[in-house]
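Open the model in a viewer and keep the selection tool at hand. The stops below go from one selection to the next.

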Amino acid sequence: MNNYRIAPSILSADFARLGEEVRAVIDAGADVIHFDVMDNHFVPNLTVGPLVCSAVRPHAVRADGSKVPIDVHLMVAPVDRIVPDFAKAGADIISFHPEGSDHIDRTLSLIRDCGCRAGLVFNPATPLSYLDYVMDKVDLILIMSVNPGFGGQKFIPSALKKLTEAKARIAAAKVDHPIWLEVDGGVKTDNIAEIAAAGADTFVAGSAIFGARDYGQVVQDMRKALASV
Ligand code: DX5
Ligand code: ZN
């Protein structure tokens with residue numbers, strides 16, 4: 001049985017009640033809180049920054065008091081200036097797009113030096129070859145299954161092949177730390193099993209969860225579908 005993680009994206013939450021929404025998805029069974037940062041420059045939308053991350057941090061806990069990781073997805077350029085601010089704001093994972101950094105190796109090291117796990121994000125047309133020389137510094141590979149910028153878009157099927165290729169790279173790398181394989185965009189109850197079969201272990205879902213009336217039911221349906229893989 002695989003260790004699958006469900007990561008609701010707060011992009012589709014009610015921002016006026018963000019703390020409550022974060023608690024609600026954790027009660028519903030979320031494993032990770034996905035935190036989408038957009039700068040109206042790298043992507044054509046504008047969301048939230050480190051101040052909101054630190055406001056969310058105390059809410060990202062389970063009933064037993066244990067921390068739920070905050071997975072910060074930076075859709076910004078440049079990247080480096082803002083990394084320490086998110087680390088201080090309580091981010092656990094910080095991922096960025098190679099197109100947003102002039103020095104990818106340096107940015108990965110910077111994230112880890114700040115005490116966070118480092119992720120590299122691949123747009124639908126971005127090749128996985130950016131991973132060739134940095135697998136020892138990568139803790140998370142995020143495959144975009146939509147073009148970044150907005151929630152509620154349709155899953156792009158070529159992401160499936162890319163997930164399988166990324167999974168093979170993780171197996172071949174033989175690094176001594178875990179590397180999560182995350183997928184982001186258009187993940188729903190009815191395609192999550194196929195996406196897991198392609199290799200993903202961590203599933204971002206924004207509109208599928210926050211767009212539903214009963215968050216717990218969606219998470220439960222997703223887990224049921226994952227159990228069939
Ligand atoms: C898109 C964001 C996603 C988004 C996913 O740029 O990175 O995390 O919230 O939303 P859904 O699940 O609605 O496609
Ligand atoms: Zn995202």
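**Around the ligand**

Begin with three strands in this predicted model: β2 (33-38), β3 (70-75) and β8 (202-205), each of which supplies at least two residues of the shell around ligand 1. Colour β2 apart from the others, since it gives the most to that shell, with three residues.

Next, select the whole shell. Ligand 1 is surrounded by 20 residues, and the closest are D36, G152, D184, G206 and S207. Coloured by class, the shell shows eight nonpolar, 10 polar and two charged residues.

**Contacts to the ligand**

Which atoms lie 2.7 Å apart at D36 and ligand 1? Show the side chain of D36: one of its N or O atoms is 2.7 Å from an oxygen atom of ligand 1.

Move to the backbone of G149, where an N or O atom lies 2.8 Å from an oxygen atom of the ligand. Then select G186; here too a backbone N or O atom is found, 2.8 Å from an oxygen atom of ligand 1. Now put a surface on the ligand. On its own, ligand 1 exposes 380 Å², and 100% of that is buried by the protein.

**The cavity**

Hide the ligand and look at the space it occupies. How many cavities of 30 Å³ or more does the structure hold? There is one. The volume of the largest cavity is about 210 Å³. Its lining consists of 25 residues, and those closest to the centre of the cavity are F150, G151, G152, D184 and G185. Select β2, β3, β8 and α7 (207-210) together to see the elements that give two or more residues to this lining. By class, the lining of the largest cavity divides into 11 nonpolar, 11 polar and three charged residues. Bring the ligand back into view: ligand 1 sits in this largest cavity.

G152 and D184 are worth labelling at this stop. Both are listed among the residues closest to ligand 1, and both are also listed among the lining residues closest to the cavity centre.

**Two backbone stops**

Most residues other than glycine have a negative phi, and most peptide bonds are trans. The last two selections depart from this pattern.

Go to the loop between β2 and α2 (50-56), where N40 is placed. N40 is not a glycine, yet has a positive phi of about 55°.

Finish in the loop between β3 and α3 (83-88), which holds P78. Is the peptide bond from A77 to P78 cis or trans? The bond is cis, with omega near -5°.

Methods
Residues numbered from 1 in each chain as written. Chains lettered and ligands numbered in written order. Predicted model: local features only at pLDDT ≥ 70, side-chain atom pairs only at ≥ 80, totals over all residues. Heavy atoms only, no water. Near = heavy atom within 4 Å. Polar contact = N/O pair within 3.5 Å; in protein donor to acceptor, adjacent residues only side chain to side chain. Areas by Shrake-Rupley, 256 points an atom, 1.4 Å probe, with all protein chains shown as cover. 1 Å grid on protein atoms, 1.4 Å probe; cavity = no way out; pocket = protein on both sides within 12 Å on 5 of 7 lines; lining within 4 Å. Sits in = over half its atoms within 2 Å of the grid points. Helix = DSSP H or I, 4+ residues; strand = E, 2+ residues; numbered from the N terminus. Nonpolar A, V, L, I, M, F, W, Y, C, P; charged D, E, K, R; others polar. Points joined across faces, edges and corners; volume = space filled by probe spheres on them.
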